[in-house]
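Subject: Handing over the structure

Dear colleague,

I am passing this structure on to you, and I would be glad if you could open it before reading any further. My notes come after it, and they are meant for someone who has not seen it before.

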Amino acid sequence: MSENNEKSRSVPPIGSSYNEDTERDRPDGEALSLPSFVAGSGALDRLIDTARDYARAAASENTLRAYAKDWAHFARWCRMKGAEPLPPSPEMIGLYIADLASGSGPSPALSVSTIERRLSGLAWNYAQRGFALDRKNRHIATVLAGIKRKHARPPVQKEAILAEDILAMVATLPFDLRGLRDRAILLLGYAGGLRRSEIISLDVHKDDTPDSGGWIEILKEGALLTLNAKTGWREVEIGRGSKQQTCPVHALEQWLHFAKIDFGPVFVGTSRDGKRASETRLNDKHVARLIKRTVLNAGIRSDLPDKDRLALFSGHSLRAGLASSAEVDERYVQKQLGHASAEMTRRYQRRRDRFRVNLTKAAGL
């Protein structure tokens with residue numbers, strides 16, 4: 001091998017963020033290397049940037065932010081214990097998740113689902129740095145199995161927003177520009193069974209913006225939403241309602257008309273005086289805040305203190321509400337929510353008739 005071929009230029013690993021902490025955590029030789037005879041190639045530099053952009057697009061911004069926090073927490077934990085996060089050590093990771101589950105440190109014990117999410121974050125971060133984390137290694141798998149056996153419990157489900165609830169919530173909204181926008185968000189999210197990220201990522205047309213997560217098409221019968229969701233591309237049909245006051249499609253049309261939006265993000269901020277729409281896409285946290293605020297204003301679950309009421313409802317309450325309220329064949333609800341299995345859809349149903357089919361009698365008993 002020639003001397004030129006032995007020389008290489010290092011660049012950050014594809015999909016990783018380039019910063020001082022990343023460099024410190026990366027071992028020598030791990031970075032993507034190019035031979036010196038192409039090191040000055042502008043074409044390859046552009047391809048590296050393009051590949052990195054595609055790698056980042058493999059996960060949502062929320063997921064990437066969560067993975068970055070997972071890595072930062074683990075790296076800080078390792079240094080507090082006098083260890084290094086790289087290369088991956090199944091023994092150290094086993095101790096780490098044991099610490100998370102026991103709550104022996106200053107932080108409270110984490111749930112099993114959160115610990116599993118942390119492990120996914122670590123596996124992703126290790127992969128970006130050129131390592132493989134074997135979650136089936138006995139030092140990890142055995143500890144995790146023990147955590148599940150000792151601490152696992154049914155997931156805490158958010159309260160469903162039912163039909164009467166959503167009507168009361170939208171009734172609290174004014175008919176100014178912000179009110180029109182928020183009414184469209186609530187009704188569209190409820191009728192479509194949409195995640196909050198799916199609501200705010202909508203554009204008016206296909207390919208209007210680089211960060212689009214889908215687009216809308218308003219037809220005579222209703223609105224057709226094409227979404228790039230967790231399970232891939234899917235279409236969501238939202239038919240027109242029985243009256244204009246509660247019709248999600250009419251609410252959407254009213255917002256787009258008075259906000260003068262015909263291109264780009266559907267749901268954007270407004271000026272301080274509330275008279276003009278901006279060009280800035282809303283953050284998905286706006287949906288969560290909107291739900292909590294209108295739940296309080298509508299007096300839903302007023303038998304509870306405000307703190308408890310706020311904890312009961314979130315963005316997922318809209319999806320659970322559709323699944324619980326729609327009196328149609330379960331298959332249609334499953335399709336609307338984009339679930340791969342009927343069992344996942346049933347987890348969203350809060351008030352279904354569990355004994356509508358009596359298999360005991362059907363079996364002759």
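What follows is a walk through the findings, from the whole chain down to single residues.

Please keep in mind from the start that this is a predicted model. The chain holds 17 helices and 8 strands, and of its 365 residues 41% are buried. If one takes the contacts in the chain with a separation of 6 or more, 59% of them are between residues 24 or more positions apart.

A good place to begin is the sheet, in which 4 strands are arranged in the order β3-β4-β5-β6, forming an open sheet with mixed pairing. The edges are taken by β3 (202-203) and β6 (232-239), each of which has a single partner strand, so one side of each is left without a neighbour in the sheet. As general background, the strands of a sheet pair through backbone hydrogen bonds, and they do this in either a parallel or an antiparallel manner. Both kinds can be followed here: β3 and β4 (residues 214-218) run parallel and are joined by 2 bridges, with leucine 202 standing opposite glycine 214 of β4, whereas β4 and β5 run antiparallel and are joined by 5 bridges. Within that antiparallel pair, isoleucine 216 has leucine 225 in β5 as its bridge partner, and the connection from β4 to β5 is a hairpin through 3 residues.

Two helices are worth viewing together with this sheet. Helix α9 lies across β3, β5 (222-229) and β6, and its direction is at about 110° to β6. Helix α11 (residues 248-258) also packs on the sheet, where it touches β4, β5 and β6 and makes an angle of about 100° with the direction of β4. Glutamine 254 belongs to helix α11 and counts as partly exposed, with a relative accessibility of 27%. In sequence, glutamine 254 is 74 residues away from leucine 180, yet the C-alpha atoms of the two are 6.9 Å apart in space.

Helix α9 (residues 177-192) has a further partner in helix α12 (residues 285-298), since the axes of the two come within 11 Å and cross at roughly 95°. An angle from 65 to 115 degrees counts as roughly perpendicular, and α9 and α12 are therefore roughly perpendicular to each other. On the α9 side the contact is made by Arg181, Asp182, Ile185 and Leu186, which meet His286, Val287, Leu290, Ile291, Arg293 and Thr294 of α12. Sorted by class, this contact has 5 nonpolar, 2 polar and 3 charged residues.

One residue of that contact deserves a separate look, namely aspartate 182, which lies in helix α9. Is aspartate 182 buried or exposed? Its relative accessible area is 4%, and buried means under 20%, so aspartate 182 is buried. The side chain of aspartate 182 is joined to that of arginine 181 by a polar contact of 3.1 Å. Once neighbours within four places in sequence are left aside, aspartate 182 is in contact with Leu173, His286, Leu290 and Arg293.

Elsewhere in the chain, strands β7 (residues 268-270) and β8 (residues 277-281) pair in the antiparallel sense over 2 bridges, and the bridge partner of threonine 270 is alanine 277 in β8. These two strands form a hairpin with 6 residues between them, and in the turn glycine 274 has a positive phi of about 75°.

Finally, there are some details of the backbone in the loops. A cis peptide bond, with omega of about -10°, joins leucine 86 and proline 87, and proline 87 is found in the loop between α4 (61-80) and α5 (90-102). Aspartate 207, in the loop between β3 and β4, has a positive phi of about 65° although it is not a glycine, and aspartate 207 is exposed, with a relative accessible area of 63%. Arginine 301, in the loop between α12 and α13 (306-312), likewise has a positive phi, near 55°, in a residue other than glycine, and arginine 301 is partly exposed, at a relative accessible area of 30%.

With kind regards

How values were computed
Residues numbered from 1 in each chain as written. Predicted model: local features only at pLDDT ≥ 70, side-chain atom pairs only at ≥ 80, totals over all residues. Heavy atoms only, no water. Axes fitted to C-alpha atoms, helices over the stretch in contact; angles between N-to-C directions. Parallel < 35°, antiparallel > 145°, perpendicular 65-115°, else oblique. Contact = heavy atoms within 4.5 Å. Nonpolar A, V, L, I, M, F, W, Y, C, P; charged D, E, K, R; others polar. Pairing = 2+ DSSP bridges. Buried < 20%, exposed > 50% of the residue type's maximum accessible area, 1.4 Å probe, protein only. Polar contact = N/O pair within 3.5 Å; in protein donor to acceptor, adjacent residues only side chain to side chain.
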